[in-house]
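Take a walk through this fold, one element at a time. Keep the sequence and the coordinates at hand.

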Amino acid sequence: MENYDLVVVGAGSSGISAALTAAEAGLKVALLEKGDKFGGAGMFGAQGLFGANTKLQKEAGVNYSVKDAYEEILNYTHHRSDARIVKAIIKESAETLAWMSKNGLATELVTNTQEVHQNHPRTYHQYIDKFNGFKKMINKFENLSGSLFLKTSAKKLLQDNGRLSEIEITHDGTDECMNTKNVILADGGFIGDKDLVKKNVNIDLNNLYSMGERKATGDGLRMLGEIGGVNNYKPLLENHAASIVTNDKNPWENASLATLSTLPLLWVDNSGKRFTNEDVVYDFALWGNVTYTAGGYYYIIIDQDFVDYISKNELDWTGSFERTFTLLQHLPMTHKVGPMKTLKQELDTALTSKAVFKADSLTDLAKLLNIDENNFVETTNQYNKLISKHVDDDFYKDQKFMKFPICNGPFYALKAILTTLGTVGGGLVNEKFQALTAGRKVIPGVYVVGNNAAGMFDSAYPTIEGLSNGFAWNSGRIAAKTIAKLNK
């Protein structure tokens, strides 16, 4: 049974950040990863992270201070987030980005990745050479005598007189224990456990597509609860857009349908009514939130005239994900979609997928969707009247998008379901990311970071770009620094 100053559970952004920071401080560290690869959602999913008052921002003339970010986040959450945690994360962010670059994972300050954020100060620091950069950080960790254990799951935290003493693990199929006085729970929330997700959300899970880390099954939060910590404090989904899922493994298999999901066309909910300004599609978090509010899904309504038009013509609308992909490839924006030459074929092929529906009349389409026929017909008639005026008096969609009425069959409905990047929250912590009891007492030696930790967000995570991954990197660093200071 080996002794460690610190055991970190989970080798994603927050875990790697914590492990390397602690190793640099001279601690003997074990980094556990359930899968056979390190990186987690912070590497395989994210493309960058948030920063305020960073060196790159200063060099680019971007004025976005710690105070600016602090006030923006607290105003967004109506002061229902923990102000000390918010301040700690933001204050740490510039130093963390510089530290990452020094250790091999450099970033570049890019324009914000979403259209509606172009006038917001740039916060998104995009990874440069991401996979090699993560590898360099792990190499640095191991060169500092850190130990990375792949295919290793944490099972139980053991205490002696109220203090952490051991952690039970399963390493490559074998059960064993590690002696340690400190553990950081950084295993990414619980999006991989359907029962936990079902318990914490109010939608049918058939209407949820997860882009999150499937290995994140709530192990850390379970262990936290077993030793008296709070593991159910404000858990929430990272709502992020909506997807037309025609294939379980790849909802973007049908490229034209995927593009249609990113445009502000006519949307109706399961009552057959319009429910929002559809140009919310240009803000991914808000788009996800309104989808959740609608019950986890909605229908995009188009007619044959639109299909014929977009199959042959270019449309001067911006696909909401275009900027994200052009930034990654360092390509210029087109602000155009189409022509979608394969759209008709994709629609016909997807008719068996339960994501695309087709009927010769609006009433027949309503029957296929099992929605109220009168509501649906009334909604489309009203929408057509608004189109004819080129003014959206109902939900105030930009006039530019008041272009395509629903007039001539056959008519199509494309089901878009909520997409999530994972879960955030559950673990109650203080600004040093020490785990707390329900009475707000510190549990000695136990820390909770990244997607396991609550306090930064409230009912939804703020739309400031890169904030979720920034929270992971910075919370890991703060926890490790706290441990290093206490262990001097």
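Start at helix H12, residues 322-329, in what is a predicted model. Glu322, Arg323, Thr324, Thr326 and Leu327 are buried there. Being buried means that each has under 20% relative accessible area. What do these buried residues pack against? Their partners are strand E6 (124-127) and helix H10 (284-293). Just past the end of H12, the backbone does something worth checking: His330 takes a positive phi of about 55 degrees.

Move next to Thr246. This residue sits in the loop that links strand E13 (233-243) to helix H9 (255-260). Its side chain makes a polar contact with the side chain of Asn254, at 2.8 Å. Leaving aside residues up to four places away in sequence, Thr246 touches Glu253, Asn254, Leu257, Ala350, Ser353 and Ala355.

Strand E13 leads into that loop. E13 is mostly covered, with eight of its eleven residues buried. Which strand does E13 join, and in which sense? Six bridges connect E13 to strand E17 (residues 411-426), and the two run antiparallel. One register point is easy to find: Leu237 has Thr423 in E17 as its bridge partner.

Another sheet is worth tracing. Four strands form an open sheet in the order E1-E10-E9-E8, with mixed pairing. Strand E1 (3-4) and strand E8 (152-160) are the edges, each pairing on one side only. Inside the order, strand E9 (residues 163-171) and strand E10 (residues 174-180) pair in the antiparallel sense over six bridges. Ile169 stands opposite Glu176 in E10.

Now turn to charge. Side chains of opposite charge can pair when their charged atoms come close. How many salt bridges does a search of the whole structure find? The search gives 22. Three pairs deserve a closer look.

The side chains of Lys215 and Glu33 meet in a salt bridge, at 3.7 Å from N to O. Lys215 lies in the loop between strand E12 (208-210) and helix H8 (219-226), while Glu33 lies in the loop between strand E3 (29-32) and helix H2 (40-44), so the pair ties together parts that are 182 residues apart in sequence. How covered are the two partners? Lys215 counts as partly exposed, at 29% relative accessibility. Glu33 is buried, with a relative accessible area of 6%.

Lys34 forms a salt bridge with Asp219, and the closest N and O atoms are 2.8 Å apart. Lys34 lies in the loop between E3 and H2, and Asp219 is in helix H8, so this pair ties together parts 185 residues apart in sequence. Lys34 is partly exposed, with a relative accessible area of 29%. Asp219 counts as buried, at 15% relative accessibility.

The third pair is Asp458 with Arg80, a salt bridge whose closest N and O atoms are 2.7 Å apart. Asp458 lies in the loop between strand E19 (442-448) and helix H16 (467-486), and Arg80 in the loop between helix H4 (66-76) and helix H5 (83-102), so the pair ties together parts that are 378 residues apart in sequence. Asp458 is buried, with a relative accessible area of 12%. Arg80 counts as partly exposed, at 49% relative accessibility. Salt bridges that share partners also join Glu92, Glu95, Arg477 and Lys481 into one network.

Finally, step back to the whole chain. The protein chain has 16 helices and 19 strands. Its C-alpha atoms fill a box of roughly 75 × 45 × 40 Å along the principal axes. Does the radius of gyration agree with a compact globule, or disagree? For 488 residues, a compact globule would have a radius of gyration near 23 Å; the protein chain has 24 Å, which agrees.

Burial and contacts add to that picture. Of the 488 residues, 58% count as buried. Among contacts with a separation of 6 or more, 71% come from residues 24 or more positions apart. The accessible surface of the protein chain comes to about 20,500 Å². Carbon and sulfur atoms account for 47% of that surface.

Key. Residues are numbered from 1 along each chain as its sequence is written. This is a predicted model: local features need pLDDT of at least 70, side-chain atom pairs count only at pLDDT 80 or more; totals for chains, interfaces and linings use all residues. Side-chain values use heavy atoms; hydrogens and water are left out. Buried means under 20% relative accessible area, exposed over 50%, partly exposed in between (1.4 Å probe, protein chains only). Contact means heavy atoms within 4.5 Å. A polar contact is a pair of N or O atoms within 3.5 Å; within protein, one must be able to donate a hydrogen and the other to accept it, and residues adjacent in sequence count only if both atoms are side-chain atoms. A salt bridge is a side-chain nitrogen of Lys or Arg within 4 Å of a carboxyl oxygen of Asp or Glu. The radius of gyration is taken over C-alpha atoms; the globule rule is 2.2 Å times the number of residues to the power 0.38. Accessible areas come from the Shrake-Rupley method with a 1.4 Å probe; for residues, only the protein chains shown count as cover. Two strands pair if DSSP finds at least two bridges between them.
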